[in-house]
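Here's a walk through one protein model, starting from a single residue and working outwards to the sheet and the empty spaces. Keep the viewer open and click along as you read.

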Amino acid sequence: VLMVTGAFERGEMRFVLPDGQPITAVFYRMRAPNRKGRGTHASAELFLEADLLEPEMISMESDALRSFLEEQLETELSAVFEALQRVGSDAMGFGGLQVKRFKSAEEWEAYDWDADYRAMTVTFRVNVMLSQRPHDPETE
């Protein structure tokens, strides 16, 4: 959720590569996400830097690895959105994008945001840049 809202700074995630090898990546926000929304569709594009722990152990080519991480994150973000949507929670803040298009509180109140949110689809696009940062054991 923090990645989509722009509140994310740094986080560690573990993945299993297609060959069964586990990897750990530390993600950093490169810049604020680009979020758009109108009616029943929204999109969020994220820009992340990924620092791989023990990169010498990874057998995948860097382009394939970057694509793998992007796809995994997009899948996870979609699953989180769908779980939030099922319980009626707009924790990713797409309603805030919708409200900006109305000129008055009356227009917003007349709009059926709840119905649009229940029908909403979101496209997530994650852009990952692989990097090598020095590790600080105090923050690991």
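Leaving aside residues up to four places away in sequence, alanine 91 touches Val1, Thr5 and Leu84. Before going further, bear in mind that this is a predicted model. You'll find alanine 91 in the loop between H2 and helix H3 (94-99). Is alanine 91 buried, partly exposed or exposed? Its relative accessibility is 35%, so alanine 91 counts as partly exposed; the cut-offs are under 20% for buried and over 50% for exposed. If you want a long-range landmark, try alanine 42: its C-alpha atom is separated from that of alanine 91 by 14 Å, with the two positions 49 residues apart along the chain.

**The overall layout**

Now zoom out. The protein has five helices and four strands, and from the N terminus on the elements run α-β-β-β-α-α-α-α-β. The C-alpha trace spans about 60 × 30 × 25 Å along its principal axes. Of the 140 residues, 38% count as buried. Take the contacts between residues at least 6 apart in sequence: 65% of these join residues at least 24 apart.

**The sheet**

The four strands make an open sheet, in the order S1-S2-S3-S4, with mixed pairing. Strand S1 (10-16) and strand S4 (121-131) are at the edges with a single partner strand each, so one side of each has no neighbour in the sheet. From one strand to the next, the twist averages 35°.

Here's how the neighbours pair up:

| Strand pair | Sense | Bridges |
|---|---|---|
| S1 and S2 | antiparallel | seven bridges |
| S2 and S3 | antiparallel | 12 bridges |
| S3 and S4 | parallel | 11 bridges |

You can trace a path across the sheet residue by residue. Start at methionine 13, whose bridge partner in S2 is alanine 25. Alanine 25 in turn stands opposite leucine 52 in S3. One place back from methionine 13, glutamate 12 faces valine 26 in S2. As a general point, side chains in a regular strand alternate between the two faces of the sheet. Over at the S4 edge, histidine 41 stands opposite threonine 121.

What joins the strands of the two hairpins? S1 and S2 have five residues between them, and glycine 20 in that turn has a positive phi of about 95°. The S2 and S3 hairpin has two residues between its strands, and here glycine 39 in the turn has a positive phi of about 65°.

Helix H2 (residues 62-86) lies across S1, S2, S3 and S4, and runs at about 145° to S4.

**The largest pocket**

Which elements give two or more residues to the lining of the largest pocket? First, the pocket itself: it has a volume of about 160 Å³. Its lining is made up of Val1, Met3, Phe8, Gly11, Glu12, Met13, Leu73, Glu76, Leu77 and Val80. The elements giving two or more residues are S1 and H2, and H2 gives the most, with four residues. By type, the lining divides into seven nonpolar, one polar and two charged residues. Some of these names should ring a bell: Val1 is also one of the residues that alanine 91 touches, and Met13 is the residue paired with alanine 25.

**The largest cavity**

Rolling a probe the size of a water molecule over the atoms shows where empty space is left. How many cavities of 30 Å³ or more does a search of the whole structure find? The search finds one. About 40 Å³ of space lies in the largest cavity.

Its lining consists of Met3, Phe8, Arg29, Arg31, Ala32, Pro33, Leu46, Phe47 and Leu48. Met3 and Phe8 are listed in the pocket lining too. Strand S2 (22-38) and strand S3 (41-53) each supply at least two residues of the cavity lining, and the largest share, four residues, comes from S2. The cavity lining divides into seven nonpolar, no polar and two charged residues. If you'd like to see those charged side chains, click on Arg29 and Arg31 in the cavity lining.

Terms used
Residues are numbered from 1 along each chain as its sequence is written. This is a predicted model: local features need pLDDT of at least 70, side-chain atom pairs count only at pLDDT 80 or more; totals for chains, interfaces and linings use all residues. Side-chain values use heavy atoms; hydrogens and water are left out. On a 1 Å grid over the protein atoms alone, a cavity is a set of points where a 1.4 Å probe fits but cannot get out, and a pocket is an open set with protein on both sides within 12 Å along at least five of seven lines; lining residues have an atom within 4 Å of a point. Grid points are joined across faces, edges and corners, and a volume is the space filled by probe spheres set on the points. Ala, Val, Leu, Ile, Met, Phe, Trp, Tyr, Cys and Pro count as nonpolar, Asp, Glu, Lys and Arg as charged, and the others, Gly among them, as polar. Two strands pair if DSSP finds at least two bridges between them. Axes are lines fitted to C-alpha atoms, for helices over the stretch in contact, and angles run from 0 to 180 degrees between N-to-C directions. Contact means heavy atoms within 4.5 Å. Buried means under 20% relative accessible area, exposed over 50%, partly exposed in between (1.4 Å probe, protein chains only).
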